[in-house]
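The following note was prepared for a colleague who wishes to read this structure at the level of single residues. The points are numbered for ease of reference.

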Amino acid sequence: MNINLSTKDVMWSYVGIIMSMASNLLLLPFIAYYLNSEMLGLWYVFGSIGTIAMLFDFGFAVTFARNITYCWSGAKTLQKENVSFTENISPDYSLMGNVLQACRIVYFRISIAALILLFIAGTAYIAYVSRNIYGTRHIWAWIIYAVAIYLNLYYGYYAAFLRGVGAIDAANKNTVIARSLQILVTIGMLALETGIIGACTAYLLYGTVFRVLGKYKFYRYKQIGQHLAKVKNNISHQETNKLIGVVWHNAWRDGIIAISNYFSNQVTILICSLFLTLSETGVYSIAVQIAMAIATIAGTLYTAYQPEIQASYISKDINHMKSVMSLIVISFILLFVIGTIIFILFFMPLLEYIKPGIMVSIPVLLGICTYHFILKFRDIFSSYFSCTNRICYMNGFIVSALLCVGLSFICVGYFHWRIWGLIFAQIISQLIYNVWKWPMAASKEMKLSLNEMIILGLSQLQANLKTINSTILK
């Protein structure tokens with residue numbers, strides 16, 4: 001079945017992404033106000049360890065979702081690399097049913113493994129970095145957070161599946177509902193002086209609601225549940241095991257890339273917590289969160305259009321793919337610059353007013369924003385290859401990640417450059433190779449020149465804005 005994003009899908013993509021990011025930013029003043037500097041730093045350490053646990057996904061969510069898109073677009077077989085091109089637009093529900101069954105088996109195993117690691121190694125690390133904090137409330141908060149991570153990992157693939165079949169508006173509506181609930185509950189529990197336990201409980205509630213809604217809406221989207229029920233008897237253990245092998249071929253590569261991205265980004269928070277104080281870790285983490293929010297919002301179309309790029313590739317509609325890629329790149333650049341200016345002018349003074357003790361300098365924020373611009377820019381072009389079921393950029397990501405960690409330890413642990421050492425290590429590690437290699441390779445393969453990309457991107461962006469404007473005015 002063809003996947004073409006409507007104006008409603010695009011609008012809900014922005015609403016969903018903005019709500020997801022805005023929830024963290026809206027909660028930031030409350031968390032900063034109600035938690036002391038040590039608990040604030042610990043809260044971000046929770047998030048960094050949680051990201052490690054989510055790496056147990058090891059690329060399966062991305063790969064399974066990609067293959068769901070292929071099934072939805074009419075593919076009759078799934079391949080380890082590349083795709084079987086087709087002109088058929090009818091979904092293969094038998095193949096989709098086998099993919100779903102394979103997904104359930106895989107995620108049951110990895111979520112249990114992740115929970116065990118969180119309870120043992122995660123608790124030990126939290127106890128170590130918080131050894132100067134009196135009491136056990138923060139340990140109980142960590143246990144709640146760990147359970148939330150487990151549930152998110154076990155049921156998280158339904159959100160990816162919704163996007164895989166083109167149900168972009170449904171996926172983003174779920175985000176809005178769940179995030180709104182998290183905001184209300186977090187503020188309420190913090191006001192009741194529950195501290196970090198309240199924040200963790202609200203996070204658990206958010207994840208549970210988001211995953212339940214994702215499962216509910218996936219099976220009801222265009223009667224997918226009814227169609228799958230009809231082919232239930234066609235699902236075989238042999239075919240399921242075979243599909244696990246097919247998916248694993250690229251899943252482990254996607255997993256290595258996810259780990260590399262973690263070491264290129266989130267691991268710096270853990271390095272910060274080892275060499276600097278929890279208060280400094282909290283300040284650094286706030287700057288990272290702001291930069292990630294700007295990059296994520298600016299890259300909304302990059303996330304939304306992934307299924308459409310995959311569907312265009314499998315049907316050999318190269319011209320449409322070039323138009324979409326151009327729109328994604330140009331909109332990202334413009335929105336990132338605008339978003340950075342807005343945050344500096346409006347959000348930073350507000351944060352300083354609410355919590356005078358938290359000082360994130362503008363030069364530091366600009367440095368971290370520069371890195372996240374580079375990271376997302378790289379991802380946009382490397383995603384072209386992942387959409388075509390080729391993970392050729394893995395080695396480059398691995399080298400950059402190792403270089404980032406090595407330079408971080410040298411700059412912070414040896415030269416004592418503190419936060420600027422982390423920023424320097426991150427930027428240099430990407431400039432050496434990835435930031436120029438994959439944009440050049442993708443553009444060359446698509447035969448998309450810089451001049452053509454700018455013209456197509458601005459033209460598509462203008463057309464989208466007109467369509468959105470007319471939709472709003474109706």
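What share of the contacts in the protein chain with a separation of 6 or more is accounted for by residues 24 or more positions apart?

1. Overall organisation. The share is 84%. The model is a predicted one, and its protein chain holds 20 helices and zero strands. Of the 474 residues in the chain, 57% are buried.

2. Confidence. The mean pLDDT of the protein chain is 82, with 88% of residues at 70 or more. Helix 1 (residues 7-34) has the lowest confidence, a mean of 71, whereas helix 19 (residues 434-446) has the highest, at 93. Where pLDDT is low, the predicted coordinates should not be read in detail.

3. Nonpolar cores. The largest nonpolar core comprises 103 residues, and within that core Trp43 and Phe46 touch the most other members. Leaving aside residues up to four places away in sequence, phenylalanine 46 is in contact with Ile126, His138, Ala141, Trp142, Tyr145, Ile196 and Cys200. A separate core of 45 residues lies apart from the largest one; Phe60, Ala102, Leu153 and Phe218 are among its members.

4. Helix 3. Helix 3 (residues 60-72) has 13 residues, which at 1.5 Å a residue should span 18 Å; the C-alpha atoms at its ends are 18 Å apart, in agreement with that figure. Helix 3 is mostly covered, 12 of its 13 residues being buried. Those buried residues include the aromatic residues Phe60, Phe64, Tyr70 and Trp72, together with Arg66 and Asn67. Among the elements that cover the buried residues of helix 3 are helix 4 (93-129), helix 6 (157-164), helix 9 (224-230), helix 10, helix 14 (306-314) and helix 16 (362-387). Just after helix 3, glycine 74 adopts a positive phi of about 110°.

5. Helix 10. This helix (residues 237-264) contains 28 residues, and the distance from its first C-alpha to its last is 38 Å, close to the 40 Å expected at 1.5 Å a residue. Helix 10 nevertheless has a kink of about 40°, centred on tryptophan 248.

6. Helix 19. With 13 residues at 1.5 Å each, helix 19 should span 18 Å, and its end C-alpha atoms are indeed 18 Å apart. Its buried residues are Asn434, Val435, Trp438, Pro439, Ala442, Ser443 and Met446. Viewed down the axis of helix 19, these buried residues fall within an arc of 135°, so they line one face of the helix. An α-helix has 3.6 residues a turn, so residues three or four places apart point the same way. Met440 and Lys444, on the other side of helix 19, are exposed. Lysine 447 follows helix 19 and has a positive phi, near 55°.

7. Positive phi in loops. Which residue in the loop between helix 8 (195-220) and helix 9 deserves a look? Lysine 222 lies there, and its phi is positive, near 50°, although the residue is other than glycine. Lysine 222 counts as partly exposed because its relative accessibility is 39%. In the loop between helix 17 (394-414) and helix 18 (418-431) is histidine 416, which is not a glycine and yet has a positive phi of about 60°. Histidine 416 has 55% relative accessibility and therefore counts as exposed, the cut-off for that class being over 50%.

Note on methods:
Residues numbered from 1 in each chain as written. Predicted model: local features only at pLDDT ≥ 70, side-chain atom pairs only at ≥ 80, totals over all residues. Heavy atoms only, no water. pLDDT = per-residue confidence, 0-100. Helix = DSSP H or I, 4+ residues; strand = E, 2+ residues; numbered from the N terminus. Expected span 1.5 Å × (residues − 1). Buried < 20%, exposed > 50% of the residue type's maximum accessible area, 1.4 Å probe, protein only. Arc of directions from axis to C-beta. Core = buried A, V, L, I, M, F, W, Y, C linked by side-chain atoms within 4.5 Å. Contact = heavy atoms within 4.5 Å. Bend = angle between axes of the 7 residues up to and from the residue.
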